[in-house]
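Q: Please take one part of this model for a close look, and then follow the chain outward from there. A single connected account would help me more than a list.

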Amino acid sequence: MLALGKLLELTLAGREPAEKTQLTVDGVRMRWLGEGALEVRPPEARDNGQDLLLSAGIHGNETAPIELLDRLLHDIARGDLKPRARILFLFGNPEAIRRGERYIEQDVNRLFNGRHDQSSGAEALRACELERLAATFFSVPERTRLHYDLHTAIRGSKIEQFALYPYKEGRQHSRRELARLSAAGMEAVLLQSKVSITFTAYTYEQLEAEAFTLELGKARPFGENGQVNVERLETRLKQIIEGTEPEEPQALDGLQLFSVAREIIKHSEHFRLNLPADIENFSELEPGYLLAEDIADTRWIVEEQGARIIFPNPKVKNGLRAGILIVPANPEQLG
Ligand SMILES: O=C(O)CCC(=O)N[C@@H](CCC(=O)O)C(=O)O
Ligand SMILES: [Zn+2]
(Lines give C-alpha, C1' and ligand atoms only; values in the text may rest on other atoms or scores of the structure.)
(Ligands and ions follow the chains in the order given, each with its own letter.)
Protein backbone atom coordinates (compact mmCIF):
# COMPACT_ATOMS: atom_id res chain seq x y z
CA MET A 1 0.00 0.00 0.00
CA LEU A 2 1.13 3.57 -0.66
CA ALA A 3 2.87 5.19 2.32
CA LEU A 4 0.40 8.10 2.33
CA GLY A 5 -2.45 5.64 2.93
CA LYS A 6 -0.88 5.16 6.35
CA LEU A 7 -1.78 8.64 7.56
CA LEU A 8 -2.78 7.31 10.97
CA GLU A 9 0.54 5.47 11.46
CA LEU A 10 2.42 8.62 10.43
CA THR A 11 0.32 10.72 12.81
CA LEU A 12 0.75 8.31 15.74
CA ALA A 13 4.51 8.28 15.17
CA GLY A 14 4.64 12.06 14.70
CA ARG A 15 6.48 11.53 11.40
CA GLU A 16 6.44 13.32 8.04
CA PRO A 17 6.24 11.13 4.92
CA ALA A 18 9.32 11.13 2.66
CA GLU A 19 7.15 11.72 -0.42
CA LYS A 20 4.40 14.32 -0.01
CA THR A 21 2.43 13.30 -3.12
CA GLN A 22 1.63 9.81 -4.41
CA LEU A 23 -0.52 8.37 -7.20
CA THR A 24 -2.55 5.19 -6.69
CA VAL A 25 -2.73 2.47 -9.39
CA ASP A 26 -6.05 4.03 -10.23
CA GLY A 27 -4.69 7.54 -10.93
CA VAL A 28 -5.92 9.04 -7.65
CA ARG A 29 -3.57 11.70 -6.26
CA MET A 30 -2.90 11.67 -2.50
CA ARG A 31 -1.26 14.77 -1.10
CA TRP A 32 0.06 15.17 2.48
CA LEU A 33 -0.81 18.70 3.62
CA GLY A 34 0.64 18.63 7.14
CA GLU A 35 0.30 16.60 10.32
CA GLY A 36 -2.90 14.51 10.18
CA ALA A 37 -4.05 16.13 6.92
CA LEU A 38 -4.33 14.46 3.53
CA GLU A 39 -6.09 15.45 0.33
CA VAL A 40 -7.39 12.84 -2.12
CA ARG A 41 -8.10 13.95 -5.65
CA PRO A 42 -9.69 11.75 -8.34
CA PRO A 43 -8.51 11.91 -11.95
CA GLU A 44 -10.18 14.92 -13.63
CA ALA A 45 -12.29 12.81 -15.98
CA ARG A 46 -13.83 10.96 -13.03
CA ASP A 47 -14.35 13.94 -10.70
CA ASN A 48 -18.07 14.39 -9.96
CA GLY A 49 -17.84 17.82 -8.30
CA GLN A 50 -18.36 16.58 -4.73
CA ASP A 51 -15.98 17.94 -2.06
CA LEU A 52 -16.06 15.83 1.10
CA LEU A 53 -14.28 16.75 4.33
CA LEU A 54 -13.99 13.86 6.78
CA SER A 55 -12.56 14.69 10.19
CA ALA A 56 -12.05 12.58 13.31
CA GLY A 57 -9.89 12.76 16.41
CA ILE A 58 -10.83 16.35 17.22
CA HIS A 59 -11.08 14.61 20.59
CA GLY A 60 -8.06 12.32 20.87
CA ASN A 61 -9.71 9.49 22.83
CA GLU A 62 -12.56 9.00 20.32
CA THR A 63 -10.93 6.22 18.36
CA ALA A 64 -13.75 4.41 16.50
CA PRO A 65 -14.11 7.32 14.03
CA ILE A 66 -10.32 7.47 13.57
CA GLU A 67 -10.26 3.74 12.78
CA LEU A 68 -13.10 4.25 10.29
CA LEU A 69 -11.23 6.99 8.39
CA ASP A 70 -8.07 4.86 8.49
CA ARG A 71 -9.95 1.97 6.80
CA LEU A 72 -11.31 4.28 4.07
CA LEU A 73 -7.85 5.66 3.39
CA HIS A 74 -6.31 2.20 3.20
CA ASP A 75 -8.99 1.18 0.67
CA ILE A 76 -8.25 4.26 -1.45
CA ALA A 77 -4.48 3.79 -1.26
CA ARG A 78 -4.81 0.14 -2.35
CA GLY A 79 -7.09 1.11 -5.25
CA ASP A 80 -10.04 -0.85 -3.78
CA LEU A 81 -12.12 2.31 -3.34
CA LYS A 82 -12.24 4.50 -6.45
CA PRO A 83 -13.09 8.10 -5.53
CA ARG A 84 -15.08 10.36 -7.80
CA ALA A 85 -15.22 12.91 -4.98
CA ARG A 86 -12.37 15.11 -3.83
CA ILE A 87 -11.73 14.36 -0.16
CA LEU A 88 -9.90 16.01 2.73
CA PHE A 89 -9.06 13.66 5.59
CA LEU A 90 -8.22 15.37 8.89
CA PHE A 91 -7.14 13.95 12.24
CA GLY A 92 -8.02 16.88 14.47
CA ASN A 93 -5.78 16.76 17.53
CA PRO A 94 -2.70 14.57 16.82
CA GLU A 95 -1.01 15.03 20.20
CA ALA A 96 -4.23 14.13 22.06
CA ILE A 97 -4.66 11.08 19.77
CA ARG A 98 -1.12 9.95 20.63
CA ARG A 99 -1.89 10.29 24.34
CA GLY A 100 -5.42 8.84 24.14
CA GLU A 101 -6.86 11.96 25.79
CA ARG A 102 -9.88 14.09 24.86
CA TYR A 103 -7.55 17.11 24.77
CA ILE A 104 -4.27 18.26 26.29
CA GLU A 105 -4.93 21.81 27.53
CA GLN A 106 -8.04 22.98 25.72
CA ASP A 107 -10.94 21.30 23.89
CA VAL A 108 -10.19 21.96 20.20
CA ASN A 109 -13.93 21.77 19.45
CA ARG A 110 -14.50 24.97 21.43
CA LEU A 111 -11.90 27.01 19.53
CA PHE A 112 -13.47 27.62 16.12
CA ASN A 113 -15.22 30.61 14.60
CA GLY A 114 -12.64 33.05 15.91
CA ARG A 115 -12.21 31.58 19.42
CA HIS A 116 -8.62 30.47 18.74
CA ASP A 117 -7.66 34.14 18.25
CA GLN A 118 -8.65 34.89 21.83
CA SER A 119 -6.53 32.04 23.14
CA SER A 120 -3.01 30.61 22.93
CA GLY A 121 -1.22 27.28 23.03
CA ALA A 122 -0.89 24.28 20.73
CA GLU A 123 -4.61 23.53 20.51
CA ALA A 124 -5.54 27.10 19.57
CA LEU A 125 -2.91 26.93 16.81
CA ARG A 126 -4.31 23.59 15.67
CA ALA A 127 -7.87 24.97 15.46
CA CYS A 128 -6.52 27.85 13.36
CA GLU A 129 -4.69 25.35 11.13
CA LEU A 130 -7.82 23.19 10.75
CA GLU A 131 -9.83 26.27 9.75
CA ARG A 132 -7.19 27.16 7.16
CA LEU A 133 -7.10 23.62 5.73
CA ALA A 134 -10.90 23.48 5.53
CA ALA A 135 -11.15 26.97 4.01
CA THR A 136 -8.60 26.14 1.31
CA PHE A 137 -10.29 22.82 0.57
CA PHE A 138 -13.72 24.40 0.28
CA SER A 139 -12.54 27.40 -1.77
CA VAL A 140 -13.26 25.94 -5.22
CA PRO A 141 -16.50 27.46 -6.56
CA GLU A 142 -19.44 25.49 -7.90
CA ARG A 143 -18.68 22.27 -6.09
CA THR A 144 -20.89 20.54 -3.56
CA ARG A 145 -19.51 20.87 -0.03
CA LEU A 146 -20.09 18.27 2.67
CA HIS A 147 -18.37 17.90 6.05
CA TYR A 148 -18.82 15.06 8.54
CA ASP A 149 -16.93 15.49 11.82
CA LEU A 150 -16.96 12.08 13.50
CA HIS A 151 -17.08 11.65 17.27
CA THR A 152 -17.93 9.19 20.01
CA ALA A 153 -19.41 10.31 23.32
CA ILE A 154 -18.17 10.18 26.90
CA ARG A 155 -21.24 8.26 28.12
CA GLY A 156 -23.73 5.68 26.91
CA SER A 157 -26.82 6.86 25.07
CA LYS A 158 -30.48 5.90 24.77
CA ILE A 159 -30.09 6.83 21.10
CA GLU A 160 -26.76 5.37 20.01
CA GLN A 161 -26.05 7.23 16.74
CA PHE A 162 -27.11 10.78 16.10
CA ALA A 163 -26.05 13.97 14.34
CA LEU A 164 -25.83 17.62 15.36
CA TYR A 165 -26.76 20.05 12.59
CA PRO A 166 -25.31 23.59 13.01
CA TYR A 167 -27.27 26.81 12.65
CA LYS A 168 -26.85 29.91 10.51
CA GLU A 169 -29.25 32.85 10.40
CA GLY A 170 -31.36 32.70 7.23
CA ARG A 171 -30.21 29.23 6.17
CA GLN A 172 -32.62 26.30 6.24
CA HIS A 173 -31.76 22.82 7.40
CA SER A 174 -31.87 20.46 4.44
CA ARG A 175 -34.36 17.58 4.35
CA ARG A 176 -32.25 15.88 1.69
CA GLU A 177 -29.20 15.85 3.99
CA LEU A 178 -31.32 14.45 6.81
CA ALA A 179 -32.55 11.64 4.55
CA ARG A 180 -28.92 10.92 3.72
CA LEU A 181 -28.05 10.77 7.44
CA SER A 182 -30.96 8.43 8.07
CA ALA A 183 -29.68 6.15 5.31
CA ALA A 184 -26.24 6.30 6.99
CA GLY A 185 -27.71 4.83 10.18
CA MET A 186 -28.29 7.99 12.22
CA GLU A 187 -31.35 7.58 14.43
CA ALA A 188 -31.76 11.21 15.47
CA VAL A 189 -30.66 14.72 14.54
CA LEU A 190 -30.33 17.69 16.86
CA LEU A 191 -31.11 20.91 14.97
CA GLN A 192 -29.07 23.72 16.51
CA SER A 193 -30.78 27.08 16.85
CA LYS A 194 -27.82 29.36 17.49
CA VAL A 195 -24.30 29.88 16.20
CA SER A 196 -21.53 27.91 17.83
CA ILE A 197 -17.77 27.44 18.17
CA THR A 198 -17.36 23.85 16.97
CA PHE A 199 -15.58 22.69 13.80
CA THR A 200 -18.83 21.93 11.95
CA ALA A 201 -20.30 25.28 13.04
CA TYR A 202 -17.32 26.90 11.31
CA THR A 203 -17.58 24.96 8.03
CA TYR A 204 -21.39 25.42 8.00
CA GLU A 205 -21.42 29.13 8.87
CA GLN A 206 -18.27 30.38 7.15
CA LEU A 207 -17.64 27.96 4.29
CA GLU A 208 -21.21 27.21 3.17
CA ALA A 209 -20.72 23.46 3.56
CA GLU A 210 -23.45 21.14 4.71
CA ALA A 211 -21.83 20.09 7.97
CA PHE A 212 -22.65 17.62 10.74
CA THR A 213 -21.09 16.37 13.92
CA LEU A 214 -21.83 12.65 14.02
CA GLU A 215 -21.92 10.78 17.34
CA LEU A 216 -21.35 7.08 16.75
CA GLY A 217 -21.35 5.45 20.18
CA LYS A 218 -19.25 5.45 23.32
CA ALA A 219 -15.57 6.48 23.29
CA ARG A 220 -13.12 3.61 23.84
CA PRO A 221 -9.38 3.06 23.20
CA PHE A 222 -7.96 1.85 19.86
CA GLY A 223 -8.82 -1.79 19.13
CA GLU A 224 -11.77 -1.87 21.58
CA ASN A 225 -14.50 -0.56 19.31
CA GLY A 226 -16.33 -3.82 18.56
CA GLN A 227 -19.52 -2.41 20.07
CA VAL A 228 -19.51 0.69 17.86
CA ASN A 229 -21.35 -0.40 14.74
CA VAL A 230 -20.44 1.96 11.90
CA GLU A 231 -21.41 -0.41 9.09
CA ARG A 232 -24.23 1.71 7.64
CA LEU A 233 -22.21 4.91 7.87
CA GLU A 234 -19.18 3.25 6.28
CA THR A 235 -21.28 1.93 3.39
CA ARG A 236 -22.82 5.36 2.81
CA LEU A 237 -19.42 7.11 2.96
CA LYS A 238 -18.05 4.70 0.37
CA GLN A 239 -21.03 5.48 -1.85
CA ILE A 240 -20.50 9.23 -1.48
CA ILE A 241 -16.79 8.77 -2.22
CA GLU A 242 -17.43 6.65 -5.32
CA GLY A 243 -20.47 8.66 -6.45
CA THR A 244 -22.74 5.61 -6.30
CA GLU A 245 -25.31 6.76 -3.75
CA PRO A 246 -28.81 5.53 -4.58
CA GLU A 247 -31.26 8.32 -5.43
CA GLU A 248 -33.06 9.23 -2.22
CA PRO A 249 -36.73 9.49 -1.74
CA GLN A 250 -36.76 12.33 0.78
CA ALA A 251 -38.23 10.10 3.49
CA LEU A 252 -36.79 10.56 6.93
CA ASP A 253 -37.61 6.93 7.82
CA GLY A 254 -38.29 7.33 11.52
CA LEU A 255 -35.41 9.77 12.06
CA GLN A 256 -36.11 11.58 15.34
CA LEU A 257 -35.65 15.35 15.31
CA PHE A 258 -34.80 17.47 18.32
CA SER A 259 -34.06 21.13 18.85
CA VAL A 260 -32.07 22.84 21.59
CA ALA A 261 -34.20 24.23 24.39
CA ARG A 262 -31.25 25.53 26.40
CA GLU A 263 -27.52 25.10 26.76
CA ILE A 264 -26.40 24.69 30.37
CA ILE A 265 -23.34 26.89 30.85
CA LYS A 266 -20.93 26.35 33.74
CA HIS A 267 -20.10 29.77 35.17
CA SER A 268 -17.94 28.89 38.18
CA GLU A 269 -16.32 26.20 40.30
CA HIS A 270 -19.52 26.20 42.38
CA PHE A 271 -21.40 24.64 39.47
CA ARG A 272 -23.25 21.46 40.53
CA LEU A 273 -25.02 19.15 38.09
CA ASN A 274 -27.80 17.21 39.77
CA LEU A 275 -27.60 14.02 37.67
CA PRO A 276 -26.23 10.53 38.34
CA ALA A 277 -22.66 10.10 37.03
CA ASP A 278 -23.74 7.26 34.73
CA ILE A 279 -26.81 8.96 33.24
CA GLU A 280 -27.21 8.23 29.52
CA ASN A 281 -27.54 10.82 26.78
CA PHE A 282 -31.19 11.44 25.79
CA SER A 283 -32.47 10.65 29.31
CA GLU A 284 -35.81 12.37 29.92
CA LEU A 285 -36.19 14.99 32.63
CA GLU A 286 -39.50 15.98 34.19
CA PRO A 287 -40.67 19.61 34.34
CA GLY A 288 -39.75 21.05 37.74
CA TYR A 289 -36.54 19.02 38.04
CA LEU A 290 -33.63 21.01 39.51
CA LEU A 291 -30.93 20.21 36.95
CA ALA A 292 -28.02 22.40 38.03
CA GLU A 293 -26.94 25.14 40.41
CA ASP A 294 -24.18 27.71 40.22
CA ILE A 295 -22.92 30.88 41.92
CA ALA A 296 -25.22 33.78 42.73
CA ASP A 297 -28.15 31.40 43.34
CA THR A 298 -28.31 30.46 39.66
CA ARG A 299 -30.67 27.49 39.30
CA TRP A 300 -31.42 25.52 36.16
CA ILE A 301 -34.91 24.09 36.50
CA VAL A 302 -36.49 22.04 33.72
CA GLU A 303 -39.54 23.86 32.36
CA GLU A 304 -39.97 22.17 28.99
CA GLN A 305 -42.29 19.23 28.27
CA GLY A 306 -40.45 16.23 26.75
CA ALA A 307 -37.03 17.58 27.73
CA ARG A 308 -33.97 15.34 27.49
CA ILE A 309 -30.34 15.90 28.40
CA ILE A 310 -27.30 15.29 26.22
CA PHE A 311 -23.56 15.70 26.90
CA PRO A 312 -23.90 16.43 30.64
CA ASN A 313 -20.38 17.19 31.87
CA PRO A 314 -19.75 19.22 35.04
CA LYS A 315 -15.97 18.99 34.48
CA VAL A 316 -15.85 21.43 31.55
CA LYS A 317 -13.99 24.72 32.01
CA ASN A 318 -15.89 27.76 33.27
CA GLY A 319 -17.78 29.53 30.51
CA LEU A 320 -18.33 26.35 28.49
CA ARG A 321 -21.37 24.19 27.87
CA ALA A 322 -21.96 21.59 30.59
CA GLY A 323 -24.94 19.95 28.91
CA ILE A 324 -27.71 20.55 26.37
CA LEU A 325 -31.42 20.39 27.15
CA ILE A 326 -33.27 19.29 24.04
CA VAL A 327 -36.92 18.90 23.07
CA PRO A 328 -38.68 17.13 20.16
CA ALA A 329 -38.68 19.25 16.95
CA ASN A 330 -41.09 19.62 14.09
CA PRO A 331 -40.01 18.37 10.61
CA GLU A 332 -42.04 21.22 9.03
CA GLN A 333 -39.21 23.64 9.75
CA LEU A 334 -36.97 21.87 7.20
CA GLY A 335 -36.00 23.07 3.72
O1 LIG B 1 -19.95 13.01 25.31
C2 LIG B 1 -19.81 14.22 25.41
O3 LIG B 1 -20.13 14.87 26.43
C4 LIG B 1 -19.22 15.01 24.26
C5 LIG B 1 -19.15 14.25 22.96
C6 LIG B 1 -18.61 15.22 21.92
O7 LIG B 1 -17.43 15.35 21.80
N8 LIG B 1 -19.53 15.94 21.27
C9 LIG B 1 -19.19 17.07 20.47
C10 LIG B 1 -20.42 17.67 19.88
C11 LIG B 1 -20.08 18.85 18.99
C12 LIG B 1 -21.29 19.66 18.55
O13 LIG B 1 -21.95 20.25 19.41
O14 LIG B 1 -21.54 19.72 17.33
C15 LIG B 1 -18.49 18.10 21.36
O16 LIG B 1 -18.90 18.22 22.52
O17 LIG B 1 -17.55 18.73 20.88
ZN1 LIG C 1 -15.98 14.35 20.54
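**From a loop to a central strand**

A: Asp297 counts as exposed because it has 6 C-beta neighbours inside 10 Å, in what is, it should be said at once, a predicted model. Asp297 sits in the loop between β13 and β14, and its phi is positive, about 55 degrees, although it is not a glycine. Ala296 belongs to the loop between β13 (290-294) and β14 (298-301) as well, and its phi, near 55 degrees, is again a positive value in a residue other than glycine. Such values deserve attention because most residues other than glycine have a negative phi. Ala296 is also exposed, because 7 other C-beta atoms lie within 10 Å, and the cut-off for that label is 12 or fewer.

As for the wider setting, an unreviewed UniProt entry places the feature "domain: AstE/AspA barrel-sandwich hybrid" at residues 255-328. Over residues 255-328 the chain is 0% helix and 46% strand, and the C-alpha atoms at the two ends are 11 Å apart. The domain assignment, for its part, divides the chain into domain 1 (3-242) and domain 2 (262-333), and the C-alpha centres of domain 1 and domain 2 are 28 Å apart. Where domain 1 and domain 2 meet, 10 residues of domain 1 are in contact with 8 residues of domain 2. The side of domain 1 that touches domain 2 is made up, by class, of 5 nonpolar, 2 polar and 3 charged residues.

From there the account moves to strand β9 and its surroundings. Strand β9 (residues 210-218) holds Glu215, the residue that UniProt, in an unreviewed entry, lists for "active site". Glu215 counts as buried because there are 26 C-beta neighbours inside 10 Å, where 20 or more are needed. Once neighbours within four places in sequence are left aside, Glu215 is in contact with His151, Thr152, Ala153, Gln161 and Phe162. Strand β9 is itself mostly covered, with 8 of its 9 residues buried.

Two pairings of β9 can be described in turn. Strand β6 (residues 144-153) pairs with β9 in the parallel sense over 7 bridges, and in that pairing Leu150 stands opposite Leu214 in β9. Strand β7 is joined to β9 by 3 bridges, and these two strands run antiparallel; here the bridge partner of Ala163 in β9 is Leu214. Helix α5 (residues 175-183) has Leu178, Arg180, Leu181 and Ser182 buried, and what covers these buried residues of α5 includes β7 (162-165), β8 (188-191) and β9. Just after α5, Gly185 takes a positive phi of about 100 degrees.

The pairing can be followed onward from β6. Strand β4 (residues 50-56) is largely enclosed by the rest of the structure, because 6 of its 7 residues are buried. Strands β4 and β6 run parallel and are joined by 7 bridges, with Leu146 in β6 as the bridge partner of Leu52. Strand β4 also pairs in the parallel sense with β5, over 6 bridges, and there Ala56 has Phe91 in β5 as its bridge partner. Strand β5 (residues 86-91) is in turn joined to β3 by 4 bridges, this time with the strands antiparallel, and Glu39 stands opposite Leu88 in β5. Strand β3 (residues 37-41) is joined by 5 bridges to strand β2 (residues 29-34), which runs antiparallel to it, and Trp32 stands opposite Leu38 in β3. In the hairpin of β2 and β3, with 2 residues between the strands, Gly36 takes a positive phi near 65 degrees.

The ligand comes last, and its surroundings lead back to residues met above. Ligand 1 is surrounded by His59, Asn109, His151, Ala153, Ile154, Arg155, Leu164, Thr198, Thr200, Thr213, Phe311 and Asn313. The shell around ligand 1 has, by class, 4 nonpolar, 7 polar and 1 charged residues. Of the residues in this shell, His151 and Ala153 are also among those that Glu215 contacts.

Definitions and conventions
Residues numbered from 1 in each chain as written. Chains lettered and ligands numbered in written order. Predicted model: local features only at pLDDT ≥ 70, side-chain atom pairs only at ≥ 80, totals over all residues. Pairing = 2+ DSSP bridges. Near = placed C-beta within 6 Å. Nonpolar A, V, L, I, M, F, W, Y, C, P; charged D, E, K, R; others polar. UniProt positions renumbered as here; feature names shortened; annotations may be inferred. Contact = placed C-beta atoms within 7 Å. Domains from an automatic or database assignment.
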